[in-house]
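Biologist: I am new to this structure and would be grateful for a close look at one part of it. Could you please take me through the barrel and the helices that pack beside it, and then turn to what lies around them?

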Amino acid sequence: MNLSQTILNVEFSNPTVLASGIWGITASSWRRVAENGAGGVTTKSLWLKAHKGHPNPTVISNEHWTLNAVGLPDAGIEKAREEISDFMKDHPIPLIANIVAGSVEDFVKTAEEVVKLNPDFLEVNISCPNVEDEFGKPFACSELDAARVTKEVKAVSGSIPIFIKLSPQALNIGAVASACAEAGADGFTAINTVGPGMAIDLRSRKPILANKVGGLSGPGLKPISVRCIADVYRATDGKLPIIGTGGVHSGEDALELMLAGASLIGIGTAVSDRGESIFKKVCDEMDAWCEAEGVKEIGEMIGAVEY
Ligand SMILES: Cc1cc2nc3c(=O)[nH]c(=O)nc-3n(C[C@H](O)[C@H](O)[C@H](O)COP(=O)(O)O)c2cc1C
């Protein structure tokens, strides 16, 4: 079956996209993701200035979930400029540039720098604490703050569509999405990790992660991502594309996120679990399921959940 789709004038040969922060640090790693059959690739979160992550150990995994406290390390915009410019020379698949900041002003400055590199989409990671908020509440947990970031980034993003990356921590993710849609969002990525969670080593009686807590991803996240995508889809009347992300390990997982309302499918944790050929495997599995069930067009699945 033809799995290709055109989303906001950008062609994706299939719905799978490397999720932010997993593998995408250099142009050569993004090219490898393309060679392995992904429809698109997302950069890790880019900061305006170099940003130190958390000390090791930063990741702990089992077959149910992964906890990570990498702390969004980044070399800053200079390095990103080199890598993105290099990748955009031959541009084998669409590139989604993910940005993050602690203030609206820094989101705008970062967006201004990144749009000059002409990525296909800008993904705005608003799960980070707002340093101007009295309690450092993440932008994604406040309709007002999320809409403010959206409006200001949209004002400098020119013709590049902006996808707001939402957090399952929001009390009402649908309300946040609709506030962002009103403020000019072109699409959404749903969702980021949930938590934080903690894992304790029995013998040492200490938390395993040096940061003590981390965000949860992987199979255990999928029911939450499905519900969040469905909420966002309904709150925005299915009008804006959603990159559904969270817990996808198989073609059937991907199709479930599509029924909830996703057009594209972010894959993160599963790249470590099933290897770099995951993108092709997921596409083959989607294809086989659709063939067996008589689905003729992949678009039939998007938002087709029946309540
Ligand atoms: C090790 C690791 C690093 C991540 N780094 C980022 C990041 O830099 N920016 C971001 O927006 N999300 C980041 N994420 C979240 C993923 O992009 C994704 O939203 C989340 O892991 C859920 O998808 P999954 O279950 O397929 O991993 C990271 C996740 C992991 C596991």
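Modeller: The part in question is a closed barrel of eight strands, which runs E3-E4-E7-E8-E9-E10-E15-E16 with parallel pairing. It belongs to a predicted model. From one strand of the barrel to the next, the twist averages 25°. One pair may serve as an example: strand E7 (residues 95-99) and strand E8 (residues 121-125) run parallel and are joined by four bridges. Within this pair, Ile99 has Val124 of E8 as its bridge partner.

From the strands one may pass to a helix. Helix H6 lies across strand E9 (162-166), strand E10 (187-190) and strand E15 (242-245), and its direction is at about 165° to that of E15.

H6 also has a helical neighbour. The axes of helix H6 (residues 222-235) and helix H7 (residues 251-260) come within 8 Å and cross at roughly 25°. An angle under 35 degrees counts as roughly parallel, and H6 and H7 are therefore roughly parallel to each other. On the H6 side, the contact is made by Lys222, Ser225, Val226, Ile229, Ala230 and Tyr233, while H7 contributes Asp253, Glu256, Leu257 and Ala260. By class, the residues of this contact of H6 with H7 comprise six nonpolar, one polar and three charged.

H7 in turn packs against helix H9 (residues 278-293), at an angle of about 70° and with the two axes 7 Å apart. Because of that angle, H7 is roughly perpendicular to H9. Here Gly251, Glu252, Ala254 and Leu255 of H7 meet Val282, Asp284, Glu285, Met286 and Trp289 of H9. The residues of the contact of H7 with H9 divide into five nonpolar, one polar and three charged.

Another helix pair can be described in the same terms. Helix H4 (residues 143-156) and helix H5 (residues 173-182) have axes that come within 8 Å and cross at roughly 30°. That angle makes H4 roughly parallel to H5. The crossing of H4 and H5 is right-handed. Glu143, Ala146, Ala147 and Thr150 of H4 meet Ala175, Val176, Ala179, Cys180 and Glu182 of H5. Six nonpolar, one polar and two charged residues make up the contact of H4 with H5.

Besides the barrel there is an open sheet. Four strands form it in the order E5-E6-E14-E11, and their pairing is antiparallel. Strand E5 (59-61) and strand E11 (194-197) are its edge strands, each of which pairs on one side only. In this sheet the twist averages 30° from one strand to the next. E5 pairs with strand E6 (residues 66-68) in the antiparallel sense over three bridges, and the bridge partner of Val59 in E6 is Asn68.

It remains to describe the ligand. It is surrounded by 27 residues, of which the closest are Ala19, Gly21, Ser217, Gly268 and Thr269. E6 and helix H8 (269-274) are the elements that give two or more residues to the shell around the ligand. Strand E6 thus appears both in the open sheet and in this shell. By class, the shell has nine nonpolar, 16 polar and two charged residues.

Key: Residues numbered from 1 in each chain as written. Predicted model: local features only at pLDDT ≥ 70, side-chain atom pairs only at ≥ 80, totals over all residues. Axes fitted to C-alpha atoms, helices over the stretch in contact; angles between N-to-C directions. Parallel < 35°, antiparallel > 145°, perpendicular 65-115°, else oblique. Left-handed = near helix turned anticlockwise from the far one by under 90°. Contact = placed C-beta atoms within 7 Å. Nonpolar A, V, L, I, M, F, W, Y, C, P; charged D, E, K, R; others polar. Pairing = 2+ DSSP bridges. Near = placed C-beta within 6 Å.
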